[in-house]
Amino acid sequence: MAVLMMRNRKIWFKAPAEDWNVALPVGNGRIGGMCFGQPLYEKIQLNEDSIFSGGQRKRNNPSARENLEKVRQLLKEEKIAEAEKIVLEAFCGTPVNQRHYMPLGDLVIQHHLESECEYKCRSLDLENAVCTAEYSIKGVNYVRRVICSEPAQVMAINITADKSASISLKLTLDGRDDYFDDNSPMNDTDILYYGGCGGEDGINFAAYLRVIGVGGSVHRWGSSIVTEDCDSVTILIGVQTSYRVSDYKKSAELDVITAAEKDFEELLKEHIEDYRSYFDRTEIVFDEGGNDSLPTDERLKLVKEGGVDNGLVSLYFDFGRYLMISGSREGTLPLNLQGIWNKDMWPAWGCRFTVNINTEMNYWLAEVADMGDLHMPLFDHIERMRPNGRATAREMYGCGGFVCHHNTDIWGDTAPQDLWMPGTQWVTGAAWLCTHIWEHWLYSRDREFLAEKYDTLKEASLFFVDFLIDNGKGQLVTCPSVSPENTYITASGAKGSVCMGPSMDSQIIYELFTAVIEAGEVLGIDADYREKLKGMREKLPKPQIGKYGQIMEWAEDYDEAEPGHRHISQLFALYPADIISYRKTPELAAAARATIERRLAHGGGHTGWSRAWIINHWARLHDGVKVKENIAALLENSTSDNLFDMHPPFQIDGNFGAAAGIAESLLQSECGEIELLPAASPDWKNGHFRGLRARGGFAVDCDWADGKPVKCVIKSLKGEKCRLVIPDGCEIKNASAEYVTSGDCIELNMNAGESAEIVFA
């Protein structure tokens with residue numbers, strides 16, 4: 001594969017942040033921080049991914065099972081209001097809410113000098129994961145660098161000046177006022193800050209801070225640490241919680257003691273090497289239309305005024321990769337609604353793991369951007385969910401297998417969340433999550449991984465073997481369930497959310513059953529069970545076209561109470577699944593287009609993550625013009641100056657979803673075929689990508705000019721046959737591997753580890 005041509009990739013500003021939503025994030029998967037870049041009084045808002053509001057609870061509603069058949073009968077009779085009244089009381093979680101994510105606190109760095117300063121810039125270097133602020137006070141130039149090191153398991157802040165004996169600071173670690181906390185300087189250089197998140201079974205945390213000064217002096221001052229006339233200062237913060245270790249205070253201290261054996265430059269070098277081992281794997285470059293010399297907020301403003309900035313699009317893609325590397329590492333929790341970055345004690349939607357699209361969208365980028373190893377925290381969390389999901393399946397529905405509703409939390413809670421009819425009673429959360437296991441196999445072809453996770457896939461399917469019922473038409477459907485967060489209107493004018501057989505459920509179950517069937521075939525096991533699932537799969541409802549030419553969202557062709565709804569659940573079949581395909585099912589693809597157009601005509605795409613999903617939909621429909629329009633709409637309406645996705649409020653799924661959409665427009669690999677530039681924006685006339693991954697175990701590079709591929713290099717990781725669609729208007733000039741032409745495709749044969757270069761005429 002070609003050597004990556006790295007470019008300067010920075011988000012930067014001429015002024016410090018006054019608002020959290022434009023601060024700059026740092027993280028090592030577990031510890032996170034939001035850096036404001038203020039010169040005289042800097043605040044770094046801190047997080048640790050396991051600080052949730054309390055311990056594990058049993059929330060399964062024992063009334064559900066005894067009322068299940070009654071609710072089903074009422075729905076068959078279209079007595080929707082009566083059914084929903086029972087569901088609201090008998091099927092809700094007890095208590096209603098799962099645990100929610102909480103902040104750690106704030107590190108405050110205050111200069112003794114109260115003079116006005118000259119501000120230069122603040123920046124986030126996406127190539128090296130370093131956040132920097134530069135400013136001058138009384139003619140002395142200061143540089144503050146912040147890293148969050150995964151190898152060292154600490155946050156490290158380094159402050160330097162171009163004049164000796166110029167760094168005099170007061171440092172405080174505090175910022176919470178909840179169940180209990182304490183802020184105790186241990187000596188002249190160290191602070192122990194610790195607290196808890198509720199109850200005897202709650203999660204306790206500790207942050208340990210050490211200040212290391214070169215020259216001058218360092219000493220305690222009340223609850224703070226003060227530096228006087230230092231040449232440079234390094235601050236180390238270690239954080240641990242009782243969720244992971246019993247002696248969390250000592251563990252946080254040991255992290256800092258170990259890190260302090262190295263100076264900042266050594267920690268920085270180690271941090272950059274680790275970070276770039278992920279970041280350097282992939283690259284997307286557009287050769288024209290970038291405004292790299294302008295601050296990011298000014299670039300975004302010009303785009304909002306109708307300008308074209310292809311460099312900002314590739315920067316957005318890189319930022320998505322940065323957020324994943326910084327927020328999802330081996331041994332951490334999966335990315336929640338805000339990744340790991342949250343400032344609120346009571347955040348929107350609990351900052352949990354919402355699994356009716358948001359958590360899944362967080363990981364759409366992982367495989368295509370060659371970060372499949374960062375997908376692992378999600379798979380680990382599915383394993384945490386399994387025992388709870390078994391209990392929920394058994395106690396609430398009398399079913400085997402395991403199930404999860406539309407949210408889960410740190411403990412893998414699977415019972416219903418909220419008292420909200422359009423969202424709560426949804427039974428397909430675990431099933432959707434498990435399709436990510438299958439996706440990882442499709443990209444990696446890691447047989448050992450598939451064998452390890454087969455039982456998880458099978459157990460998720462077992463729930464539906466028991467739960468599905470005949471709808472009276474010979475079809476197997478879920479009941480009761482909902483089409484996530486949407487409300488329908490019957491022919492009589494009645495409104496409802498709970499229903500039989502919403503389209504998304506059938507599509508997800510189809511994908512799950514297919515995964516179990518094909519995994520069993522690969523592994524050579526469970527032949528009888530595979531045959532059973534094949535029979536059930538045939539009875540699942542297929543996507544249907546409704547009265548507006550759209551893909552129907554429900555089993556009946558109901559109208560939506562909100563035609564511009566943010567969820568487009570019936571198009572799960574288009575993306576992330578490939579049940580609907582531009583090449584293979586053109587009639588359904590046309591209906592998918594009509595579905596999106598209807599949503600957008602009624603104000604859809606008004607949240608960042610929804611717009612991101614729509615970008616992926618247009619990519620799958622091979623419409624580069626619509627990809628361009630919807631990326632522009634995302635940047636204009638749902639993107640903060642620091643490039644955070646705004647629901648609003650900030651919600652990180654849109655960052656990952658849109659970055660995945662950019663990749664999807666350049667490379668697709670559904671239905672057993674690889675396509676180059678299937679939906680590239682017309683603005684992206686010339687460019688290249690390196691290191692993108694395709695299903696089947698392939699790594700792909702591509703150069704293009706005037707919107708057409710010039711050359712691609714495909715590396716086979718596992719030696720499987722590669723089927724490449726010949727791009728429209730192109731011919732194969734030559735190829736370095738043997739191939740045969742099959743229709744509008746070529747089929748390449750390569751051994752594992754071999755590459756083929758294809759040149760187009």
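**Figure 1. Asp-106 stands opposite Asp-174 of strand β10.** The view is taken from a predicted model. Strand β5, which covers residues 105–111, runs antiparallel to strand β10, residues 167–174, and six bridges join the two. Both strands belong to an open sheet of seven strands, arranged in the order β2-β3-β4-β5-β10-β15-β14 with antiparallel pairing. At its edges lie β2 (24–27) and β14 (217–221), each of which pairs on one side only. From one strand to the next, the twist averages 20°. In general, the strands of a sheet pair through backbone hydrogen bonds, in either a parallel or an antiparallel manner.

**Figure 2. Strand β13 pairs with strand β12 and with strand β16.** Seven bridges connect β12 (residues 190–196) to β13 (residues 204–214), and these two strands run antiparallel. Within this pairing, Tyr-194 stands opposite Ala-206 in β13. The pairing of β13 with β16 (residues 232–241) is likewise antiparallel and extends over ten bridges. Here Ile-212 has Thr-234 of β16 as its bridge partner.

**Figure 3. Tyr-275 and Phe-279 form a stacked aromatic pair.** The structure holds 28 aromatic pairs. In the pair shown, the ring centres of Tyr-275 and Phe-279 are 5.5 Å apart and the planes meet at 20°. Both residues lie in helix α4 (residues 264–279), where they are four residues apart, about one turn of the helix. Tyr-275 counts as buried because its relative accessibility is 2%, below the cut-off of 20%. Phe-279 is also buried, with a relative accessible area of 0%. Ring pairs link these two residues with Trp-20, Phe-319, Tyr-322, Phe-644 and Phe-650 into a cluster.

**Figure 4. Tyr-397 and Phe-463 form an edge-to-face aromatic pair.** The centres of the two rings are separated by 5.9 Å, with 70° between the planes. This pair links distant parts of the chain: Tyr-397 lies in helix α9 (residues 376–397) and Phe-463 in helix α12 (residues 447–467), 66 residues apart. Tyr-397 is buried, with a relative accessible area of 4%. For Phe-463, which is buried as well, the relative accessible area is 0%.

**Figure 5. Two arginine residues, Arg-72 and Arg-537, each place a charged end over an aromatic ring.** The charged end of Arg-72 sits over the ring of Phe-467, at 4.9 Å from the ring centre. The charged end of Arg-537 sits over the ring of Tyr-510, and its distance from the centre of that ring is 5.4 Å.

**Figure 6. Helix α16 is largely enclosed by the rest of the structure.** This helix comprises 13 residues, numbered 608–620. Its first and last C-alpha atoms are 19 Å apart, close to the expected 18 Å at 1.5 Å a residue. Because 13 of the 13 residues of α16 are buried, the helix is described as largely enclosed. His-622 follows α16 and has a positive phi, near 60°.

**Figure 7. An annotated domain spans residues 264–666.** An unreviewed UniProt entry gives these residues the feature "domain: Glycosyl hydrolase family 95 catalytic". Over residues 264–666, the chain is 51% helix and 4% strand. The C-alpha atoms at the two ends of this range are 40 Å apart.

Methods: Residues are numbered from 1 along each chain as its sequence is written. This is a predicted model: local features need pLDDT of at least 70, side-chain atom pairs count only at pLDDT 80 or more; totals for chains, interfaces and linings use all residues. Side-chain values use heavy atoms; hydrogens and water are left out. Rings of Phe, Tyr and Trp (its six-membered ring) pair if their centres lie within 6.5 Å; planes under 30 degrees apart count as stacked, over 60 as edge-to-face and the rest as tilted. Buried means under 20% relative accessible area, exposed over 50%, partly exposed in between (1.4 Å probe, protein chains only). A charge sits over a ring if NZ of Lys or CZ of Arg is within 6 Å of the ring centre and within 35 degrees of the ring normal. The expected span of a helix is 1.5 Å times one less than its number of residues. UniProt positions are given in the numbering used here, feature names are shortened, and annotations may be inferred rather than shown by experiment. Two strands pair if DSSP finds at least two bridges between them. Axes are lines fitted to C-alpha atoms, for helices over the stretch in contact, and angles run from 0 to 180 degrees between N-to-C directions.
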